[in-house]
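Let's take a walk through this model together, starting with its aromatic rings and ending with its charged side chains. Keep the viewer open as you read.

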Amino acid sequence: MIRKKNNWRVPKGAELTELDKRVLYYQNEGHLVPTRGLIKTPEQIEGIRKSGLLNTAVLDLVAEKIHAGMCTAEIDKLVYDFTVAHGGVPACLGYEGFPKSVCTSVNEVVCHGIPSEEEVLEEGDIVNVDCTTILDGYYADASRMFVIGRTTPQKQKLVDVAKECLEIGREAAQPFSFVGDIGHAIEKHAKKNGFSVVRDLCGHGVGLEFHEEPDVVHYGKKGTGMLLVPGMVFTIEPMINMGTWEVFIDEEDGWTVVTEDELPSAQWEHTFVMTENGLEILTY
Ligand code: MF3
Ligand code: CO
Ligand code: CO
């Protein structure tokens with residue numbers, strides 16, 4: 001027997017709003033719909049937006065300072081000092097035991113790279129810096145790629161296509177479309193360019209906590225996965241690989257995610273709010 005999840009509940013005796021009717025229609029059709037708790041209030045969205053502004057300022061600072069010869073621990077220090085000086089808290093620091101304030105993922109590292117004194121950036125490296133800020137209790141999460149000097153045409157293409165995948169995913173996400181529409185569009189674009197999409201890690205709801213529902217997978221079928229309703233806040237953060245999509249986690253540190261074939265990987269991430277007109281970026 002198929003059990004339907006009745007996520008969308010209307011308080012007893014309450015009059016159905018237009019939104020209730022619309023979401024209940026999809027729920028009755030058998031689609032996965034959000035709980036009411038995933039629909040942020042305007043006040044909450046403004047809180048996440050403010051956190052996003054600080055998070056963007058942190059990444060802008062990294063963009064200004066990053067250079068060949070710098071170690072990734074210096075990036076971590078920049079992020080920590082700037083965030084704290086502006087009243088924020090780096091969400092990564094201590095999150096499930098993560099030891100640093102930001103993730104720095106170089107070349108074949110897909111994500112969750114740990115900044116280190118030993119890791120020195122070199123000409124031609126491609127580096128993802130993934131930063132999440134907590135401000136007044138609200139979370140904003142974004143990452144960018146940085147190319148150190150000039151890199152190979154193929155690595156540059158990977159960086160560019162990964163960015164296009166984020167934009168294409170954003171366009172695919174319309175009010176009352178589905179998470180699967182985002183994944184389908186991203187996977188299509190990556191494959192067309194000869195690249196693969198990481199399947200073991202995904203985007204996520206965000207805002208009141210670091211990782212909320214839904215899982216925003218970056219592959220899949222149109223019309224599947226959770227319904228996207230105005231007021232939902234979530235990330236899209238496709239990890240695009242030059243070779244195989246398969247990855248492993250470094251056993252020594254328990255965090256660093258690396259491509260199985262050790263070919264390069266690239267990722268861009270933004271936090272978005274779903275509006276009546278599509279996704280608005282909260283981490284610009
Ligand atoms: N910022 C990452 C994300 O996009 C999560 C990093 S968790 C950490 O979801 F513990 F590694 F920092
Ligand atoms: Co992130
Ligand atoms: Co994220």
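**Rings, cores and charges**

Y26 and F178 are both buried. Bear in mind as you look at them that this is a predicted model. How do the two rings meet? Y26 and F178 form an edge-to-face aromatic pair, with 5.9 Å from centre to centre and 75 degrees between the planes. Since Y26 belongs to helix α1 and F178 to the loop between α4 and α5, the pair ties together parts that lie 152 residues apart in sequence. The pair also has company: ring pairs link Y25, Y26, F176 and F178 into a cluster. In total, the structure holds six aromatic pairs.

Rings also meet charges here. K163 lies over the face of W268, 4.6 Å from the ring centre. Likewise, R199 places its charged end over the ring of Y219, at 3.9 Å from the centre of that ring.

Next, the nonpolar interior. In soluble globular proteins, nonpolar side chains tend to be buried together. In this model, the largest nonpolar core has 40 residues, and those with the most contacts inside it are I182, L227, L228, F234, I236 and I240. Which elements give two or more residues to this core? They are the helices α1 (18-28), α4 (153-172) and α5 (179-192), together with the strands β9 (233-236), β14 (270-275) and β15 (278-281). Helix α4 gives the most, with six residues.

F234 is a good residue to centre your view on. Setting aside neighbours within four places in sequence, F234 is in contact with I182, H204, G205, V206, V216, L228, H270, T271, F272 and L279. There is also a second, separate core of 18 residues, which includes I66, V106, V127 and A142.

V127 leads us to a pair of strands. The bridge partner of V127 in β5 is F146. Strands β4 (residues 126-135) and β5 run antiparallel and are joined by ten bridges. Their hairpin has two residues between the strands, and D136 takes a positive phi near 50 degrees there. Strand β5 (residues 138-147) is mostly covered, with eight of its ten residues buried.

A charged residue in β5 brings us to the salt bridges, of which the structure holds nine. D60 forms one with R144, and their closest N and O atoms are 2.8 Å apart. This pair links distant parts of the chain, as D60 sits in helix α2 (residues 42-65) and R144 in strand β5, 84 residues away. D60 counts as partly exposed because its relative accessibility is 40%.

Other salt bridges stay within one helix. In α1, the side chains of K21 and E18 meet at 3.3 Å, N to O. These two residues are three apart in the helix, so about one helical turn separates them. Are they buried or exposed? K21 has 44% relative accessibility, so it counts as partly exposed, while E18 is exposed at 60%.

Helix α5 offers a similar view. K191 and E187 form a salt bridge of 3.6 Å, N to O, and they lie four residues apart in this helix, about one turn. K191 is exposed, with a relative accessible area of 56%, whereas E187 is buried, with a relative accessible area of 16%. As a last stop, look at E46, R49 and E280, which are joined into one network by salt bridges that share partners.

Definitions and conventions:
Residues numbered from 1 in each chain as written. Chains lettered and ligands numbered in written order. Predicted model: local features only at pLDDT ≥ 70, side-chain atom pairs only at ≥ 80, totals over all residues. Heavy atoms only, no water. Core = buried A, V, L, I, M, F, W, Y, C linked by side-chain atoms within 4.5 Å. Buried < 20%, exposed > 50% of the residue type's maximum accessible area, 1.4 Å probe, protein only. Contact = heavy atoms within 4.5 Å. Phe/Tyr/Trp six-rings, centres within 6.5 Å; stacked < 30°, edge-to-face > 60°. Lys NZ or Arg CZ within 6 Å of the ring centre and 35° of its normal. Pairing = 2+ DSSP bridges. Salt bridge = Lys/Arg side-chain N within 4 Å of Asp/Glu carboxyl O.
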